[in-house]
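Here is a short dialogue on how to read a structure. A learner asks about one feature at a time, and a teacher answers.

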Amino acid sequence: MKNDFNVPITYFGGTGGHFLISFLNAAYLNDHIVFKYSKFGNAHDTGYAAVVGSGLGSTAPNVDYKIKTLLEHLHTRKFIGVHVIEYHRLINIFNQVIKITYEQSDIEEISKIFVLKYSNGFTKDYDDLIIDSIKKGIKFLPTFSTSYEKSVICIAWSELFKKDPKLLIDKLSQAFNIPVENFNVSNLIEWRKITNTTLASYP
């Protein structure tokens with residue numbers, strides 16, 4: 001029998017995974033806590049960001065290890081992040097899976113955000129890091145493009161970062177049966193604001 005309670009979220013670095021996980025977990029518990037972000041917009045320390053395993057890449061642990069770790073942490077939160085390319089493996093275990101998607105035109109922007117947040121601001125190695133991130137973004141684009149499996153809820157980067165917040169909240173509310181009023185929209189607005197400031201800081 002599939003797990004119909006927990007919802008894993010898989011995503012590419014820089015696409016707001018920690019924020020979305022926190023946003024959903026807080027809304028599920030109807031907690032209007034004001035999230036604390038880093039100076040650059042990282043949402044790792046909100047108190048609701050549950051992510052297991054390491055990031056995407058050839059040196060990362062294999063998918064079996066990541067899924068094993070995920071299953072060992074299901075008691076921690078309803079929505080849990082895990083970086084896996086083979087999201088179909090998750091569909092075999094969970095009734096619902098979230099995938100943050102992006103377009104090819106988003107890759108440079110996402111890469112800039114990832115590197116600036118990861119490096120805590122501009123660094124002399126920025127150009128090399130962003131080139132590497134762009135290459136990975138292109139490599140993983142087929143995985144994180146929109147898919148149409150019934151059990152996969154795709155949240156586009158544009159929905160998370162750019163479009164009317166109401167559209168995102170309505171989508172999440174309907175997908176997971178969480179009342180709209182449970183979502184603290186100010187957390188989304190503030191995360192976007194700080195992230196945009198970080199993005200604009202690149203000289």
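The dialogue below takes up the sheet, a buried residue, the nonpolar cores and the largest pocket.

Q: What kind of model is this?
A: This is a predicted model.

Q: How do strands of a sheet pair, and what is the strand order in the open sheet here?
A: Strands of a sheet pair through backbone hydrogen bonds, either parallel or antiparallel. In this structure an open sheet of 5 strands runs in the order β2-β3-β1-β4-β5, and the pairing is parallel.

Q: Which strands are the edge strands?
A: An edge strand pairs on one side only, and here that holds for β2 (51–52) and β5.

Q: How many bridges join β2 to β3?
A: The two strands run parallel and are joined by 2 bridges. Valine 51 stands opposite glycine 81 in β3.

Q: In which sense do β1 and β3 pair, parallel or antiparallel?
A: β1 pairs with β3 (residues 79–82) in the parallel sense, over 3 bridges. Going residue by residue, proline 8 has isoleucine 80 of β3 opposite, and isoleucine 9 has glycine 81 of β3 opposite. Glycine 81 thus also faces valine 51, as noted for β2.

Q: Which residues point which way from β3, and are they buried or exposed?
A: Phe79 and Gly81 point one way, whereas Ile80 and Val82 point the other way. All of these are buried.

Q: What can be said of β4 and β5, and how many bridges join them?
A: They run parallel, with 5 bridges between them. One pair to look for is lysine 99 with its bridge partner in β5, cysteine 154. Of the 5 residues of β5, 4 are buried, so the strand is mostly covered.

Q: Why does threonine 101 count as buried?
A: Buried means under 20% relative accessible area. Threonine 101 counts as buried because its relative accessibility is 3%. Threonine 101 is found in strand β4.

Q: Which residues is threonine 101 in contact with, leaving aside its neighbours within four places in sequence?
A: The contacts are Phe144, Ser145, Thr146, Cys154, Ile155, Ala156 and Trp157.

Q: Which residues touch the most other members of the largest nonpolar core?
A: A core is read by looking for its best-connected members. The largest nonpolar core has 41 residues, and Phe19, Leu24, Ile98, Tyr102, Leu172 and Phe176 touch the most other members. Elements that give two or more residues to this core include β1 (7–10), α1 (17–28), β4 (97–101) and α7 (165–176). The largest share, 7 residues, comes from α1.

Q: What is phenylalanine 176 in contact with, beyond its neighbours within four places in sequence?
A: Phenylalanine 176 is in contact with Val7, Leu24, Phe79, Gln96, Ile98 and Ile153. There is also a second, separate core of 16 residues, with Leu74, Leu90, Ile91 and Val152 among them.

Q: How much space lies in the largest pocket, and which residues lie nearest its centre?
A: A pocket can be read by its volume and its lining. The largest pocket holds about 650 Å³ of space. Its lining has 28 residues, and those nearest the centre are Gly13, Gly14, His44, Phe114 and Tyr118.

Q: Which elements give two or more residues to this lining, and what classes of residue does the lining have?
A: The elements are α1, α4 and α5 (126–139). α4 gives the most, with 5 residues. By class, the lining has 12 nonpolar, 13 polar and 3 charged residues.

Technical notes: Residues are numbered from 1 along each chain as its sequence is written. This is a predicted model: local features need pLDDT of at least 70, side-chain atom pairs count only at pLDDT 80 or more; totals for chains, interfaces and linings use all residues. Side-chain values use heavy atoms; hydrogens and water are left out. A nonpolar core is a set of buried Ala, Val, Leu, Ile, Met, Phe, Trp, Tyr and Cys residues joined through side-chain atoms within 4.5 Å. Buried means under 20% relative accessible area, exposed over 50%, partly exposed in between (1.4 Å probe, protein chains only). Contact means heavy atoms within 4.5 Å. On a 1 Å grid over the protein atoms alone, a cavity is a set of points where a 1.4 Å probe fits but cannot get out, and a pocket is an open set with protein on both sides within 12 Å along at least five of seven lines; lining residues have an atom within 4 Å of a point. Grid points are joined across faces, edges and corners, and a volume is the space filled by probe spheres set on the points. Ala, Val, Leu, Ile, Met, Phe, Trp, Tyr, Cys and Pro count as nonpolar, Asp, Glu, Lys and Arg as charged, and the others, Gly among them, as polar. Two strands pair if DSSP finds at least two bridges between them.
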